[in-house]
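Okay, thanks for coming, everyone. I'll put the structure up and then walk through a handful of spots in it.

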Amino acid sequence: MDWTPTISELSGPRYQRIVEAMEADIAAGRLVRGQQLPTQRALAKALGIDLTTVTRAYTEARRRGIMEARVGQGSFVSETSARRAVDMPHPVAIDLSMNVPPHPLEAQLDERIIAGMESIRAQSGLTAHLNYQPPGGSAHEREIAARWMRARVPHAHADRLVIFPGAQTILFNVLAHLARPREIVLTEALTFPGIKAAAARLGVKLVGVAMDDGGILPDALAKACRAHSPKAVYLIPTLHNPTTATLSAERRNAIAKIISDAGTTLIEDDAYGLLDRSASPIANLIPERTYLATTLSKCIAPALRVAYLLAPDNDAQQTMRSHLQATVQMPAPLMVALVTHWIETGIADRIITAIRNEAVGRQQLAQRALKGFQFLAKPAAHHLWLRLPEARSDVVGHLLRNGLAVVDGEAFTVDGTPPHAARLSLGAARNRAELTEALHILVSALQKRTDTRQIV
């Protein structure tokens with residue numbers, strides 16, 4: 001607690017200078033994650049200023065998400081660049097329903113956004129990116145992205161790549177291209193709600209294929225291919241949403257052969273692949289039959305709205321660029337320019353490493369809190385899949401009444417009876433303190449076998 005900021009060289013009101021000094025010292029490493037800060041009274045005495053100025057500074061620091069107060073313990077440097085608390089419906093106080101990446105201080109997103117924009121301004125000017133651009137990205141932007149992707153996907157080349165505004169747009173457009181209304185696409189028995197929504201809008205029928213804790217079962221997929229002659233197979237083979245299952249190399253080989261033998265096409269959702277680079281995409285086995293979607297939403301931030309589609313060949317790439325132009329015209333050029341700068345300079349990989357490390361820390365926290373309960377998890381995943389010991393409505397409803405939102409298994413079920421399970425999005429907590437509180441609410445609900453409310 002020996003931090004004393006240097007504010008004499010800064011301008012502006014004193015409370016703002018304290019906050020700016022705190023931000024600068026965090027960026028320089030003089031203040032680190034979780035470090036305890038001086039009490040307001042102690043800092044006021046050290047700086048020779050009145051207490052109300054320090055109180056105002058600490059309030060502003062909490063508002064910006066760089067500092068957090070812990071009841072009975074004091075003030076600490078925040079563990080994350082905490083997102084602003086958005087408006088949430090009553091009675092939600094902690095929302096673990098949206099699967100988003102955490103933003104640890106080490107990612108330095110605020111600083112890197114500012115520095116990246118300044119670099120773009122100096123190189124070409126910001127207004128150069130405020131006009132219409134080629135749908136799917138410029139040749140330079142696609143080449144930078146393809147070169148980056150080749151570390152995991154050796155066949156990635158610019159003439160097969162399209163830059164989209166988010167993976168959901170990829171899924172919708174690829175689905176519209178491959179299947180007509182009432183035609184069948186196979187998925188895992190539990191799958192991403194976004195593909196369910198896209199299929200429903202397009203009138204495409206999804207058929208779920210049996211899974212176990214290791215992911216989709218090859219024998220079940222082969223049987224479903226023979227029974228339905230699907231137009232495509234949609235899979236999330238790495239850190240599956242919602243179960244976190246990651247297919248083994250053996251299963252990936254088997255699935256690639258099944259898809260090839262069936263003469264169908266794979267839509268591979270690689271949303272989480274950059275968090276676990278040890279898993280090679282199935283696209284590497286059957287590139288001529290795969291539409292590979294890679295997004296930055298789960299490994300950096302969803303609001304960038306930058307995702308990459310690697311098409312099976314140049315003709316398919318041209319078709320998907322036309323689909324993109326007809327639906328949303330193009331991704332936001334300024335965001336694409338920022339991401340391209342980050343990729344080209346190595347900053348993107350450093351951000352992803354920081355976010356992956358934070359995901360590992362949160363999973364370790366959850367492992368300790370949920371010891372004795374049944375759940376599926378992977379070290380770098382942003383979520384876990386919790387098997388509920390009682391009816392879904394009882395547990396999930398009880399959690400909601402206690403201010404905690406999670407997602408019931410029904411949201412992921414393609415057909416059949418929904419599992420008694422729920423997805424917890426650990427990355428959605430604003431910091432580890434909030435996640436700890438959420439896990440405490442969860443454990444209390446799991447230990448309470450019945451709802452004690454009286455119905456009158």
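So, let's start with a question: is Asp270 buried or exposed? Keep in mind that this is a predicted model. Asp270 comes out at 1% relative accessibility, and with the cut-off for buried at under 20%, that makes it buried. You'll find Asp270 in the loop that runs between strand E10, 266-269, and strand E11, 290-295. What does Asp270 touch, once you skip residues up to four places away in sequence? The answer is Arg152, Leu292, Ala293 and Thr294.

Next stop, the loop between E9 and H9. Thr238 sits there, and so do Leu239 and Pro242. Thr238 has 2% relative accessibility, so we call it buried. If we leave aside neighbours within four places in sequence, Thr238 has contacts with Ala245, Thr246, Arg252, Tyr272, Gly273, Asp276 and Ala279. Leu239 is buried too, at 1% relative accessibility. Have a look at the backbone there: Leu239 isn't a glycine, yet its phi is positive, about 50°. And a bit further along, the peptide bond going from Asn241 to Pro242 is cis, with omega near 20°.

While we're on positive phi, there's Arg182, another residue other than glycine, with phi near 75°. Arg182 is in the loop between helix H6, 167-178, and E5. Arg182 is exposed, with a relative accessible area of 72%.

Now helix H8, residues 218-228. Which of its residues are buried? They are Pro218, Leu221, Ala222, Ala224 and Cys225. Look down the axis of H8 and those buried residues fall within an arc of 165°, so they line one face of the helix. On the face turned away from that buried side you get exposed residues, namely Asp219, Lys223, Arg226 and Ala227. What does the buried side pack against? Four strands and a helix are on the list: E5 (184-188), E6 (205-209), E8 (215-216) and E9 (232-235), plus helix H9 (249-262). Then, just after H8, Ser229 has a positive phi of about 45°.

Okay, the cores. As a general point, nonpolar side chains in soluble globular proteins tend to be buried together. Here, the largest nonpolar core has 71 residues, and the ones touching the most other members are Trp148, Leu175, Ile300, Tyr308 and Trp342. Which helix gives the most to this core? That's H11, residues 333-345, with 7 residues. There's also a second, separate core of 28 residues, and among its members are Leu365, Ala366, Leu404 and Ala428. Back to Leu175 for a second: not counting residues up to four places away in sequence, Leu175 touches Val185, Ile195, Ala198, Ala199, Leu202, Val204 and Ile267.

H11 also has two helix packings I'd like to show you. Let's take H12, residues 347-369: H11 and H12 pack at an angle of about 90°, and their axes are 5 Å apart. That makes the two helices, H11 and H12, roughly perpendicular. On the H11 side the contact is made by His341, Trp342, Ile343 and Thr345, and on the H12 side by Ile347, Ala348, Arg350 and Ile351. Sorted by class, that contact has 5 nonpolar, 2 polar and 1 charged residues.

Then there's H4, residues 109-123, which packs with H11 at about 105°, with axes 10 Å apart. H4 is roughly perpendicular to H11, because angles of 65 to 115 degrees count that way. Who makes the contact? From H4 it's Leu109, Arg112, Ile113, Gly116, Met117, Ser119 and Ile120, and from H11 it's Leu334, Met335, Ala337, Leu338, His341 and Trp342. The split in this one is 9 nonpolar, 3 polar and 1 charged.

Let me finish on one residue from that contact, Met335, which lies in H11. Met335 has a relative accessible area of 22%, so it's partly exposed. Leaving aside neighbours within four places in sequence, Met335 has contacts with Met117, Leu304 and Val306. And if you want a distance to check on screen, the C-alpha atoms of Met335 and Glu268 are separated by 24 Å, with the two residues 67 apart along the chain.

That's my tour, so over to you for questions.

Notes:
Residues numbered from 1 in each chain as written. Predicted model: local features only at pLDDT ≥ 70, side-chain atom pairs only at ≥ 80, totals over all residues. Heavy atoms only, no water. Buried < 20%, exposed > 50% of the residue type's maximum accessible area, 1.4 Å probe, protein only. Arc of directions from axis to C-beta. Contact = heavy atoms within 4.5 Å. Core = buried A, V, L, I, M, F, W, Y, C linked by side-chain atoms within 4.5 Å. Axes fitted to C-alpha atoms, helices over the stretch in contact; angles between N-to-C directions. Parallel < 35°, antiparallel > 145°, perpendicular 65-115°, else oblique. Nonpolar A, V, L, I, M, F, W, Y, C, P; charged D, E, K, R; others polar.
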